[in-house]
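Colleague: I'd like to learn how to read this model with you. Could we start with how strands are matched up?

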Amino acid sequence: MRRYLDPDGLVHGLPTYPYRYAPDGLYTRSQLREMGLRPIADPVAQVMWDGSARHRRSGEPVRTAALYDITQTLLRDTPSLTRLAQLAIARACRRICPACDRMWPYVIPAAAGMCLDCQTLTAAGVPVGSSTDVFDPTAGRAAA
Ligand SMILES: [Zn+2]
């Protein structure tokens, strides 16, 4: 991960950050689109991460995505209140774990299809589900 941390752009030409470590205010084009914005200036930085095995085989070992300064954007259009609500719901849904139905402050990783807690439990062989009698992460915290 650290080899992709180049905030001054000395190695990669553009300021570069590892996946998920982009500073506040910098977004990819698709993130801006989700917010109803479009960039009006060139990218100011990039995120860089290891490609999947499929990408490595095709000779593209490293994936990059351009990052744009949110202060250099314009509204794509004037979204209706309905559209804004749809986007808010869509963003919230991406933070709900399909295995345990809990909402997390992070987007559920698509590759795993579940939250980090459920991944840990699954790796340990514990069945996961929304039923609290299976596993209650808050149990014991109040007594501690
Ligand atoms: Zn979960």
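Modeller: Happily! Two strands count as paired if DSSP finds at least two bridges between them. Keep in mind that this is a predicted model.

Colleague: Which residue in E5 is the bridge partner of Leu-26?

Modeller: Leu-26 has Asp-69 as its bridge partner in E5. The strands involved, E2 (residues 26-27) and E5 (residues 62-69), are antiparallel and share two bridges.

Colleague: How many bridges join E4 to E5?

Modeller: There are six, and these strands also run antiparallel. Within E5, Arg-63 is the residue opposite Trp-49. As a general idea, side chains in a regular strand alternate between the two faces of the sheet.

Colleague: Let's turn to a loop. Where is Ile-40 placed, and is Ile-40 buried or exposed?

Modeller: A residue is called exposed if 12 or fewer other C-beta atoms lie within 10 Å of its own. Ile-40 has 10 such atoms within 10 Å, so Ile-40 is exposed. Its place is the loop between strand E3 (37-39) and strand E4 (45-50). Beyond its sequence neighbours up to four places away, Ile-40 touches Gln-72, Thr-73 and Leu-74. Leu-74 is 34 residues away in sequence, yet the C-alpha to C-alpha distance is 6.8 Å.

Colleague: And the interior: which residues make up the largest nonpolar core?

Modeller: A core here is a set of buried nonpolar residues joined through C-beta atoms within 7 Å. The largest has seven residues: Cys-97, Ala-99, Cys-100, Ile-108, Cys-115, Cys-118 and Leu-121. Apart from that core lies another, of five residues, including Tyr-17, Ala-45, Leu-67 and Tyr-68.

Technical notes: Residues are numbered from 1 along each chain as its sequence is written. This is a predicted model: local features need pLDDT of at least 70, side-chain atom pairs count only at pLDDT 80 or more; totals for chains, interfaces and linings use all residues. Helices (H or I, at least four residues) and strands (E, at least two) are DSSP runs, numbered from the N terminus. A residue is buried if 20 or more other C-beta atoms lie within 10 Å of its own, exposed if 12 or fewer, and partly exposed in between; C-beta atoms are placed from the backbone. Two residues are in contact if their C-beta atoms, placed from the backbone, lie within 7 Å.
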